[in-house]
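Work through the exercises below with the coordinates open. Try each task before reading its solution.

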Amino acid sequence: MQLGRRKFLAGAAGAAGSVVVVGCAAPERESRVQSFVLAPEQSLPGDSVWFATADAHSRFGNSVVVRTVDGRAKKVEGNPGFPINQGKTDVRAQAGVQSLYHPDRIKEPMIPAGTRGDGRYEVIGWERALDMLVSKLGAANSFQLITSRLTGTEAGVAAAFTELFGGRHLVHETVENTNFQAAVQKIFGASNTPHFDIGNAGVVLSFGADFLGTWGSPVMYSEAYRQLRGGERGRLTQIEPRMSLTGASADRWIYVKPGQEGALALSIAQVIVAEALVDNKIWREAVDAIGGVDVLNLYAPDVVTGRTGVPVSLIQTIAREFVERQPGLALAGGPSLAQTNGMDNGAAALFLNLVVGNVGRPGGVIPNPPAPGNIPFPLPATSFADWRSYTTGLAAGSAPDVMFVYDADPAFGISGTPTFTDALAGSPFVVGMSTFMNETVGIADLILPATHPFESWGDFAADPGPGVQVVGYQQPVTVTWTDARSFGDVLLTVAAEIKGEGALPWSSMHEAVRANAEELLGMAGTGPEFEPTWVELLRRGGAWKLQNTSKPFASVPDWDAGAMAEPEFAGDPESFEFHLIPFESVAIGTGDESENPWLQSVGDPLTTMTWITWAELNPKTAAALGVGTGDVVAIDVRYGTMEVPVFVSPVTPPDVVAVPVGRGRNFGGRWRRDRGENVFSVIDPAVDVKTGALAWASSRARVRKIGRTITMPMLERVANPRNDGPEPILEVKSE
Amino acid sequence: MNLLRAFMPRLTGRQLAFIVIPLTVMGLATASAVAVLIFLGASGGTIRPAPTQPIAYDHSIHAGDNSIACEFCHRGVNTGAQATLPSVEQCMYCHSVIGQELPEVQLLVQKWEDQEPIEWSRVYRLPDHVRFVHSAHIDANVSCATCHGDVTQAKVIKQVNALNMGECMGCHRDTDNQPKSSAAPADNVILKDSAPLDCSTCHK
């Protein structure tokens, strides 16, 4: 065909016209719009709806507001009106959204597809799952419930359920707090955590309490720390065997030999008394109650300097400063209390508050009111000694007919032999309920998916509180995208099935939480009349400034300083020359949130380490061993060995090897499993001689070079944690 | 031409014209296309034919015969930017008992049983650069029919207005449709409390 000028021009114009027409048409997909099957409550498409609810990763007192769009949670912020966190959050609260939509959540009820614990599961529906549970529990002669430290109405429902079935309830906490609670009881006669008024103190003397990182209520204390440093700058002295985030923020950081914190505290008290730095009317009664001045004199600085490793002049300086910069506030926690004499260490440290009369006043230790009767504080943990004997009993054949484990992981956290996993082998029927798979749930006979806190009802009484009663509410901010159910609702359903309707006073967690709120505000049984108040409570996220019913502290301590125990360590110092100090890192803490890649990739504040377990060594020690950062060493403890890479840290004392807890999981999702090592699997199962709490910082260790080096996933220097190196660490995709 | 001739001296004038004229035409066509796109984008387009819907929903039965208010189903219209589509659950409020023998209702019931959303085709669509807030218009007493026509008679819902910029401006300039301020001067075309005419009111 011959292409003439006219034909060419006509063709060109047609092509241009086609371009216009095609360019004008919107893609077909943009003309489609889906309606919800179930419209999210209060949602308008495209508009944000904010719900106040409990912080998903803190059971102890933070409230958040969650921004939702089209029924989906998008962002977490602090609840600005809530007196504990005052609009602030921490890294764990922010990660609540990621754990909510985590692809590795347990989504449906399951049973083992092969043998128990081999990691293969068969999905069954709730109908079959509940049938199994009801038939087993209905026919059971014995029942035991194992949970984490439940709080509020959920704890109340669990207690009522356990009582209904005549069972036993054990509470597991990976890093145990028993010694702190016992020390508070001994010194102040209080059964709940007092308010340590850090913000108004003149000087804070902290024995191992990492209150800016992992101790107590770090978000509340961080705000208090801001107040401490503002205005007339308060001082902070941190005394501990491994430098924590709080230690790094302190004016003075002091290494004390592990287990000698109590001796150092009494030595400080001795200086205050001997130098008459405080009027004897203030300290006389308290000092007499613990054994008198004669007992204190046994801890004079020149006597204890050798065993504590703290020079005499420094002890005197701390004591004088503690008095000069009133009010002086003493705290205790962390590894200082995780010794075989941990409770005594805690009591001695807290006793310093009595010596300077810093009790019940601003800047001091202030009693907190008890929890409202129907909304309990987090349940106290079963002591490690009890767990150990329970595990031994299980292994010996005392397993209950039905064991129900919820949100707890004793198979991960209980050291010693027989292991909890081995002991569980003889249990006839184990139910595991959790949001994520863990070591204990993974070996259950029936696995139930639990809702995320953003999907379910609950409440809590803040512990520690700020000196007044504070109750927070947890409401669903979104409908669950899995087939999960709330633990409380499952218990209530099962109770009604087996024992009949009305066996427990509530039919759902929503009803139970609302009923307890009615009672809290003196409106029990008012029904619809309570509705506006209830809506307001949920809008605010809680209730506070309730009637203050604080019980005053005991007038004198119930503790005998003369009977203070000496620390004992597993392993002789000749063969095991290091103290093995486990510690919690800020982001993944005890590892309950190790599923979460956001938290896994948050660098430890002091080392910037992410994703793995490491061992902190002093530069001189490392040089003597011939290792540097990244070199893998074997850490031999009397009960086992673990291999971890070294991080050379100038603030690590020469006789200490510090290892973070929380990693080394065998079960769970892609970001939890097979990352790092579990230091709790090798530590000595020693306990506090007075309380039975796990003395998790009392093991001695030997460190050996094994001639292997790895690339360290840290934010500085060596490797690239952003995942664009040759070995990708993180690949995010749905299943 | 002279410039081209300098670069390509061997080509005849006719041959050069074969190069220059098509290039000029294509350039003009492209410029026209861009102009048309800009115009269409700004105006909101033209009236489009009724799309095929997954369920042949009949507005004349619901809004007409049964006098169900628009807001009963389009629940966001009073409070937000979008009028919103009813959820499947909301349809089932009535259709769990009404009209279950009808084939179109059975399609709905199937979606409910499968817990699947209904994928509707949009009838009205404004360009992405336009910010339109339904609630502001409802608050100003603009009836739904002003833009959407009389849906009480519509068996199949289809676009009745182009909703281009001219139509928007027609209403926004028409002070008779707006709430009056008694203090407004008579010769002021744009009353103080009439619909705003600022660009940023509607344009993102």
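## Exercise 1: Chain B at a glance

In chain B, 10% of the 204 residues count as buried. The model is a predicted one.

Task: state how many helices and strands chain B has, and give their pattern along the sequence.

Solution.
- Step 1. Count the elements: chain B holds 10 helices and 1 strand.
- Step 2. Read along the sequence: the pattern is α-α-α-α-α-α-β-α-α-α-α.
- Step 3. Look at the contacts of chain B between residues at least 6 apart in sequence: 62% of them join residues at least 24 apart.

## Exercise 2: An antiparallel sheet

Task: find which strands of the sheet β2-β3-β4 in chain A stand at the edges.

Solution.
- Step 1. Take the order: this open sheet of 3 strands runs β2-β3-β4 in chain A, with antiparallel pairing.
- Step 2. Look for single partners: β2 (48–54) and β4 (72–78) of chain A each have a single partner strand, so they stand at the edges and one side of each lacks a neighbour in the sheet.
- Step 3. Add the twist: it averages 30° from one strand to the next.
- Step 4. Check one pair: β2(A) and β3(A), residues 63–69, are joined in the antiparallel sense over 7 bridges. Ala54(A) has Ser63(A) in β3(A) as its bridge partner.

## Exercise 3: A parallel sheet and the helix across it

Task: describe the sheet that contains β10 of chain A, then place α14(A) against it.

Solution.
- Step 1. Write the order: 4 strands form an open sheet, β12-β11-β10-β13 of chain A, and the pairing is parallel.
- Step 2. Name the edges: β12 (252–254) and β13 of chain A each pair on one side only.
- Step 3. Give the turn: neighbouring strands of this sheet are turned by 15° against each other on average, direction ignored.
- Step 4. Check one pair: β10(A) pairs with β11(A), residues 235–239, in the parallel sense over 5 bridges. Val203(A) has Arg235(A) in β11(A) as its bridge partner.
- Step 5. Place the helix: α14(A) lies across β10 and β13 of chain A and runs at about 170° to β13(A).

## Exercise 4: Gly342(A)

Task: decide whether Gly342(A) is buried or exposed.

Solution.
- Step 1. Locate the residue: Gly342(A) is in helix α14 of chain A, residues 342–355.
- Step 2. Apply the cut-off: a residue is buried if 20 or more other C-beta atoms lie within 10 Å of its own. Gly342(A) has 38 other C-beta atoms within 10 Å, so it is buried.
- Step 3. List contacts: leaving out residues up to four places away in sequence, Gly342(A) touches Asn179(A), Leu337(A), Asp688(A), Ala693(A) and Ala695(A).
- Step 4. Add a distant residue: Glu566(A) is 224 residues away along the chain, and its C-alpha atom is separated from that of Gly342(A) by 9.7 Å.

## Exercise 5: Helix α7(A)

Task: compare the span of α7(A) with the expected value, and list its buried residues.

Solution.
- Step 1. Span: α7(A), residues 218–229, has 12 residues and reaches 16 Å from its first C-alpha to its last, close to the 16 Å expected at 1.5 Å a residue.
- Step 2. Buried residues: these are Pro218(A), Val219(A), Met220(A), Tyr221(A), Ser222(A), Ala224(A), Tyr225(A) and Leu228(A).
- Step 3. Cover: what covers them includes β10 (203–207) of chain A.
- Step 4. Helix end: Gly231(A) follows α7(A) and has a positive phi, near 60°.

## Exercise 6: Backbone outliers

Task: contrast Ala276(A) with Trp611(A) in burial, then locate two cis peptide bonds.

Solution.
- Step 1. Ala276(A) has a positive phi near 50° without being a glycine. It sits in the loop between α9 (261–274) and α10 (280–289) of chain A. With 9 other C-beta atoms within 10 Å, Ala276(A) is exposed.
- Step 2. Trp611(A) also is not a glycine, and its phi is positive, about 65°. Its place is the loop between α21 (597–600) and β22 (615–617) of chain A. Trp611(A) counts as buried because it has 23 C-beta neighbours inside 10 Å.
- Step 3. The bond joining Gln326(A) and Pro327(A) is cis, with omega about -10°. Pro327(A) is in the loop between α13 (312–324) and β13 (328–332) of chain A.
- Step 4. The bond from Asp463(A) to Pro464(A) is cis, with omega near 5°. Pro464(A) is in the loop between β18 (458–461) and β19 (471–474) of chain A.

How values were computed. Residues numbered from 1 in each chain as written. Chains lettered and ligands numbered in written order. Predicted model: local features only at pLDDT ≥ 70, side-chain atom pairs only at ≥ 80, totals over all residues. Helix = DSSP H or I, 4+ residues; strand = E, 2+ residues; numbered from the N terminus. Buried ≥ 20, exposed ≤ 12 C-beta atoms within 10 Å, placed from the backbone. Contact = placed C-beta atoms within 7 Å. Expected span 1.5 Å × (residues − 1). Pairing = 2+ DSSP bridges. Axes fitted to C-alpha atoms, helices over the stretch in contact; angles between N-to-C directions.
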